[in-house]
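Visitor: I have a model open and would like to learn how to read its features. Where do we start?

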Amino acid sequence: MAKGKNLVIVESPSKAKTIGKYLGPEYRVEACMGHLRDLPKSTMGVDIEHDFTPEYRPMAGKEAIISELQAASKKASCVYLATDPDREGEAISWHLKQLLDISDEKAKRVTFNEITKSVVTKSIEQPRDIDYNLVDAQQARRILDRIVGYQLSPLLWKKVRRGLSAGRVQSVATRLVVEREREIEAFVPKEYWTLDAALRCVDKPGSFTVRYYGEGKKRELHSEAEVDEIIRDVTGKEFTISGIKRTEKRRNPTPPFITSTLQQEASRKLNMTPRRTMAVAQQLYEGVDITGEGTLGLITYMRTDSLRLSEEALAAAKDFIIGRYGTAYYPGEPRRYRAKSGAQDAHEAIRPSNVALDPETIKGDLTREQYRLYKLIWSRFVACQMADARYDAVQIDTTCAGHIFRATDQIMKFAGFTALYEEGRDDEAEEKAGGLPDLKGDERLLAESTKKEQHFTMPPARYTEATLVKAMEERGVGRPSTYASIVATIQDREYVLKKEKRLAPTPLGIVVTDLMLAHFNDVIDVEFTANMEHQLDEVEAGKVNWKRVLHDFYSEFHREMTEAEQALDGKRIKVPDEESDEICELCGRRMVIKSGRFGRFLACPGFPECKNTKPLVERMPGRCPKCGSTILKRKSKKGYVYYACERGAECGFMTWDVPTANDCPSCGQTLFKKSGRGQMKPFCINENCKEFLPEEKRDYKRRMPKATTETVETAEELAPVEQKPEEKKTKKTSAKSTKAKGTKKA
C-alpha cells in the first residue's frame, strides 16, 4: 500500500473504501474493525477499591491490525481518528490514541454525520480534539454494565442455573415483557355490544348504515337485554336526521426517522428485526457502489434521537417536491420538528444524503434489503416536507324513539404527503366506513334491518420487537445505539422468545426477573434505569463527574448484593418446566422444553428413569400432500431449514417451500410459498393440479438441492440434541482477512 502523508482511521473497510476515494492519495485510510482495546473477558477488570480504575487490554485476535496501525501511525505526519460520531465512537478514538501512543499534537478527531465528498472534505479541514466528556460517559456505561454483569451473573449461576448472565438494561427490558405477560394473564374481559341499523330513504334512492350512539350523550351497551330493548323501541318507526356535520380534516406528515422509529417502521413494514435494520442501515451509511457515481454514503448517521434537519437538506427537499409533484404538494415553508425532551440532539434525523437519488434510480445497485430500507428512509424524509392530506368528512346523526344512531365517512380531497408515504400501525387497521348518500336533512328514513353483535374487551397485546423499542424509548431505557442489541440479547439469552412475531417471557425469564425484583429492585427499576441514562447524559455534557456516578450506584448495589447473598444462602431456585404438546413415546408422559448447550430441546420429565429427548420442532399450518399428516419445520445438520411430514421416513415428504394456512381452490391441497422475507405469492405443488407451479418457476435465485431423503435427514436421522457442533477453525487469520469480516456491532 502506498504511503500517505496523513493517516485516517475509521471503523470498517467499506467506510475506508468510500472515504479513501474522496480524500485522494495524500491520505491513507485504514479500518480498525471496531474496538481494539477493552476490559478483559476473564476478570472484571475494574479496580473498585481504587476509584473504579479500569484495566484495559488489547483485544485477542486483533494483534495484526494493531501492529499495522502502529506502523502506519508512526510514519504519518497527522492521524485523523474518524470513528463513528457517538459516545462509543469517541471512546474507540480515545483507545486508539492510547494504544497507538499518538501525541496530542498529532491526533485529530473528525466525525462524519454523512459520508459524502463535501462533508468528508469539510470535516477533515475542521478537526477537533477528542471530547473526553463523551469518553467518560462511555467509560461509565461500560463499567456500570461490567460491575452488574460480573457480580450478578455468578449469583444467578449459584441460585438458578449455570451459564446465566445479567445485564443492567437488558434486565429492565425483560421485566417489561414479563409485566406485560402478567397483565394479559390477569386481564378480565368485559362484555359489550354494538347495534347497527341499515337505513333507506323513503322518498328517494339511497341507503346507508348507522351505529347506535346513545341518548343525548354516548352510551355503552353491556348486555343483550339492553340491545333488544333499543331494537323494540325503533322497530317499525321512522328515523329522522337530527344533524349533518361537514368539515375538512387535515393529516400532517410524520416526522423524519430517528433510530427508534426506523426500527419500529422497518419491523412493521419490512419484517426486519432491529438488529438487522441497523446492520443494513450501517451499510447504507458507510457507502454503496452506485453506477456512474462511484461509492456513495446514501443516508446520514443512523444512531440518533434528533428530529433536526439541515437547511441544505430542507432546501433540497423543497426543490425535489416542487419539481416532481408540483407547488401544490409543498406546504409553502420548510417543516421543522422539535425533538422530545431529554433527547441528546447530537446528530440530524436519519435522511438520504442526496434526495435526488430516488430509490428506483439506484435499485439495480442495491441488495433487496438495502433497497427496501433506503426506500423507507427516503420516502419518509420527502413526505415529512410535503403538504397535508385533506379530507371532506361527513357525520350524520339520525334519531328514532329518542335513540341516536350515527354514521361517519371521509373522502380524500387532496392526497398531499400520502401520495408518497403513510406510517404503518402496530394494531389492526380500522374498518373503513362505507359511502354516505348526499342528504339534505329532511329525508324520511326506515330501518330495513338491524344487526346486533357481542364483543369482549381484549387484553393488551404482547410486545413486538417494534413496540418494545417504543416502550423503552418512552420510558427512557437505553439509548439509540443500544435498542437493537438489547432486544437481541434478551432473546439470545432465552429470557424472551418470539411467538407468532410477538415477545413472550420464558419460565427462565420470569424466574430471573422475580429474583431481581426481590433483591435488586434498583437495578431492575425502570425509573432508576432511566435516571441513570440521564446521569450519563449529564456526564457527556460535562456537568457530572463520571466516577461520582459510579460511586453513587455501587454503594447501593453492593448493599443489595450483600443482602441477597445472605437471604439466598443455601437456597436454589427451580425454573418450572415448560410443557409441550408432545407425548413421550417411551413412557407416555407429556414432554417438557429444556435448554442445553446447543439450544432448546424436548425432554421427558421422567428423567432419570426415562432419558428420551427429541429436537424441538415447530408445527406448521396446512397438511402433508402425501398423507394428510402434520407438517413440521426442521433444520438439517448443515443448518438448512426445511419442512417435512411428522411421520418422517414412513411418509417421506419434505420440501424447501413454506406451507401456508390456505388451500388450493382447484385441488384442495395445502398451498406453499417461497421461503424468505416479505410477502410471497402462494402456489400449488400438486403435480396433478392445473394450478401446479414447477420448481424451476418458483423464482429461487439460488437453487437448493432437491429435497429428498438422500440430501436431507429424516426425523430419525436428525443430529441428536446434545451432539457437539462442528468445531470452528482456530487458524489465526491475517490482518487482511480479518478486515473483511465487518465492523462494530450495529
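Guide: Let's start with rings: those of Phe, Tyr and Trp (its six-membered ring) pair if their centres lie within 6.5 Å. Keep in mind that this is a predicted model. Here, ring pairs tie Phe52, Phe520, Phe528, Phe553, Tyr554 and Phe557 together into a cluster.

Visitor: How many aromatic pairs does a search of the whole structure find?

Guide: The search finds 15. One of them joins Tyr27 and Tyr80, with 6.0 Å from centre to centre and 55 degrees between the planes, a tilted arrangement. Tyr27 belongs to strand S2 (residues 27-31) and Tyr80 to strand S7 (residues 78-81), so this pair links distant parts of the chain, 53 residues apart.

Visitor: How do I describe a ring pair in general?

Guide: Two values do the job: the distance of the centres and the angle of the planes.

Visitor: And are Tyr27 and Tyr80 buried or exposed?

Guide: Buried means under 20% relative accessible area, and exposed means over 50%. Tyr80 has 10%, so Tyr80 is buried, whereas Tyr27, at 21%, counts as partly exposed.

Visitor: Can we try another pair?

Guide: Take Tyr325 and Tyr329: the ring centres are 5.7 Å apart and the planes make 40 degrees, so this pair is tilted. Tyr325 is partly exposed at 24%, while Tyr329 is buried at 19%.

Visitor: Which charged residues lie over the rings of Tyr463 and Tyr421?

Guide: For Tyr463, look at Arg180, whose charged end sits over the ring at 4.2 Å from its centre. For Tyr421, look at Lys269, which lies over the ring face, 4.1 Å from the ring centre.

Visitor: Back to S2 and S7. How do I read the sheet they belong to?

Guide: Read the strand order across the sheet, then ask which strands stand at the edges. This open sheet has four strands in the order S2-S1-S7-S8, with parallel pairing. S2 and strand S8 (107-109) are the edge strands; each has a single partner, so one side of each is left without a neighbour in the sheet. From one strand to the next, the twist averages 25 degrees.

Visitor: What joins strand S1 to S7?

Guide: Four bridges do, between S1 (residues 6-10) and S7, and the two run parallel. Val8 stands opposite Tyr80 in S7, and Tyr80 is the residue whose ring pairs with that of Tyr27. Helix H1 (residues 13-23) packs on the sheet and touches S1 and S2, its direction making about 170 degrees with that of S2.

Visitor: What about helix against helix?

Guide: Look at how close the axes come, the crossing angle and the hand. The axes of helix H6 (residues 168-186) and helix H13 (residues 465-475) come within 11 Å and cross at roughly 115 degrees. The H6 and H13 crossing is right-handed. On the H6 side the contact is made by Ala173, Leu176 and Val177, and on the H13 side by Leu468, Met472 and Arg475.

Visitor: Where does His222 lie, and which residues does His222 touch?

Guide: His222 is in the loop between strand S11 (217-218) and helix H7 (224-234). Leaving out residues up to four places away in sequence, His222 touches Glu191, Tyr192 and Trp193. At 44% relative accessibility, His222 counts as partly exposed. The C-alpha atoms of His222 and Phe456 are 9.7 Å apart, with their positions 234 residues apart along the chain.

Visitor: And the chain as a whole?

Guide: The protein chain has 19 helices and 29 strands, and buried residues make up 48% of its 746 residues.

Definitions and conventions:
Residues numbered from 1 in each chain as written. Predicted model: local features only at pLDDT ≥ 70, side-chain atom pairs only at ≥ 80, totals over all residues. Heavy atoms only, no water. Phe/Tyr/Trp six-rings, centres within 6.5 Å; stacked < 30°, edge-to-face > 60°. Buried < 20%, exposed > 50% of the residue type's maximum accessible area, 1.4 Å probe, protein only. Lys NZ or Arg CZ within 6 Å of the ring centre and 35° of its normal. Pairing = 2+ DSSP bridges. Axes fitted to C-alpha atoms, helices over the stretch in contact; angles between N-to-C directions. Contact = heavy atoms within 4.5 Å. Left-handed = near helix turned anticlockwise from the far one by under 90°.
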